[in-house]
Amino acid sequence: MYNDNELFDILNESGDKTGQTMPRIEVHRTGALHGSVHIWVIRRRLDGLEVLLQKRAPDKDSYPDCWDAASTGHINAGEDSLSAAAREVGEELGVDAAPSELIPLFRRRVREDNIFNGKRFINNEITRVYLLRRDIRDEELIPEQAEISELKWFGAEQLAELMKSQEGSFCVDSEELREVLACAENMLG
């Protein structure tokens, strides 16, 4: 589970480190700009692409019980995004990914101000989005129990419809998903 005292590098609008660090709890209380990673796991099947999603644990401080990208997390102070992506995949999915298997796709600017469990949570981050380019077998996946309550493969075609019909159940950004699927379609042939 997360640690409120984890330190994050504070970023400027260009995504460069400012030299300042701040504890996690303060970052989300004040809305300080920081870095995060989203790692998508997608596989090709005969009937199309499948997307692995994690269901966030019910006691998470943001988006509890919501379906999200396969692995997500913050970039710790002093860490680069590729190292953070490899660390998060290992921690959350139990997969030891080589840096060469993590393909950088794009970066996104995210700013959200929400209330979760009665507490204000400001998410102000630059997210680096990666695709894990590796054929993952289900038996390789060992979800981190404190962070993830379930892992599930979704057909890419059905996922967009599910996200519309079950809006509160997903915290996946539909624009990010569209971009990731377009990239995956090109890379996975």
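Does Asn117 count as buried or exposed, and at what relative accessibility? At 58% relative accessibility, Asn117 counts as exposed, in a model that is predicted.

**Figure 1. The whole protein chain, with its four helices and nine strands.** Read along the sequence of this predicted model, the elements of the protein chain follow the pattern β-β-α-β-β-β-β-α-β-β-β-α-α. The radius of gyration of the protein chain is 16 Å, close to the 16 Å that the globule rule gives for 189 residues, so the chain is as compact as a globular protein of that length. The C-alpha trace spans about 50 × 35 × 30 Å along its principal axes, and 48% of the 189 residues count as buried. Among contacts between residues at least 6 apart in sequence, 63% join residues at least 24 apart. The protein chain exposes about 9400 Å², of which carbon and sulfur atoms supply 47%.

**Figure 2. Close-up of two residues with positive phi, Asn117 and Tyr63.** Asn117 lies in the loop between β7 (102–116) and β8 (119–132), and its phi is near 50 degrees, a positive value in a residue other than glycine. Because its relative accessibility of 58% is over the 50% cut-off, Asn117 counts as exposed. Tyr63, which is not a glycine either, has a positive phi of about 50 degrees and lies in the loop between β4 (48–56) and β5. With a relative accessible area of 22%, Tyr63 is partly exposed. The ring of Tyr63 also takes part in a cluster, in which ring pairs link Tyr63, Phe116 and Phe121.

**Figure 3. Close-up of the edge-to-face pair formed by Trp67 and Phe154.** The count of aromatic pairs in the model comes to four. In the pair shown here, the ring centres of Trp67 and Phe154 are 5.2 Å apart and the planes stand at 80 degrees, so the pair is edge-to-face. The pair links distant parts of the chain, since Trp67 belongs to strand β5 (residues 67–69) and Phe154 to strand β9 (residues 148–155), 87 residues apart. Trp67 counts as buried at 8% relative accessibility, and Phe154 is likewise buried, with a relative accessible area of 7%.

**Figure 4. Close-up of Arg43 over the face of Trp153.** Here a charged side chain and an aromatic ring are brought into view together, with Arg43 lying over the face of Trp153 at 3.7 Å from the ring centre.

**Figure 5. Close-up of Glu176 and its polar contacts with His38 and Arg108.** Glu176 has its place in helix α4 (residues 174–188) and is buried, with a relative accessible area of 1%. The side chain of Glu176 makes a polar contact of 2.8 Å with the side chain of His38, and a polar contact of 2.8 Å also joins the side chains of Glu176 and Arg108. When residues up to four places away in sequence are not counted, Glu176 touches His38, Trp40, Phe106, Arg108 and Val129.

**Figure 6. Close-up of Thr72 in strand β6.** Strand β6 covers residues 71–74 and holds Thr72, which counts as buried because its relative accessibility of 9% is under the 20% cut-off. Leaving aside residues up to four places away in sequence, Thr72 touches Val37, His38, Gln54, Arg56, Glu88 and Glu92. His38, one of these residues, is also a polar partner of Glu176 in the preceding view. From C-alpha to C-alpha, Thr72 and Ala86 are 11 Å apart in space, and they are 14 residues apart in sequence.

**Figure 7. Close-up of Asn123 in strand β8.** Asn123 is buried, with a relative accessible area of 10%, whereas Asn117, in the loop between β7 and β8, counts as exposed. The side chain of Asn123 makes a polar contact of 3.5 Å with the side chain of Glu125. Apart from residues up to four places away in sequence, Asn123 touches His28, His34, Val110, Arg111 and Glu112.

Technical notes:
Residues are numbered from 1 along each chain as its sequence is written. This is a predicted model: local features need pLDDT of at least 70, side-chain atom pairs count only at pLDDT 80 or more; totals for chains, interfaces and linings use all residues. Side-chain values use heavy atoms; hydrogens and water are left out. Helices (H or I, at least four residues) and strands (E, at least two) are DSSP runs, numbered from the N terminus. Buried means under 20% relative accessible area, exposed over 50%, partly exposed in between (1.4 Å probe, protein chains only). Contact means heavy atoms within 4.5 Å. Rings of Phe, Tyr and Trp (its six-membered ring) pair if their centres lie within 6.5 Å; planes under 30 degrees apart count as stacked, over 60 as edge-to-face and the rest as tilted. A charge sits over a ring if NZ of Lys or CZ of Arg is within 6 Å of the ring centre and within 35 degrees of the ring normal. A polar contact is a pair of N or O atoms within 3.5 Å; within protein, one must be able to donate a hydrogen and the other to accept it, and residues adjacent in sequence count only if both atoms are side-chain atoms. The radius of gyration is taken over C-alpha atoms; the globule rule is 2.2 Å times the number of residues to the power 0.38. Accessible areas come from the Shrake-Rupley method with a 1.4 Å probe; for residues, only the protein chains shown count as cover.
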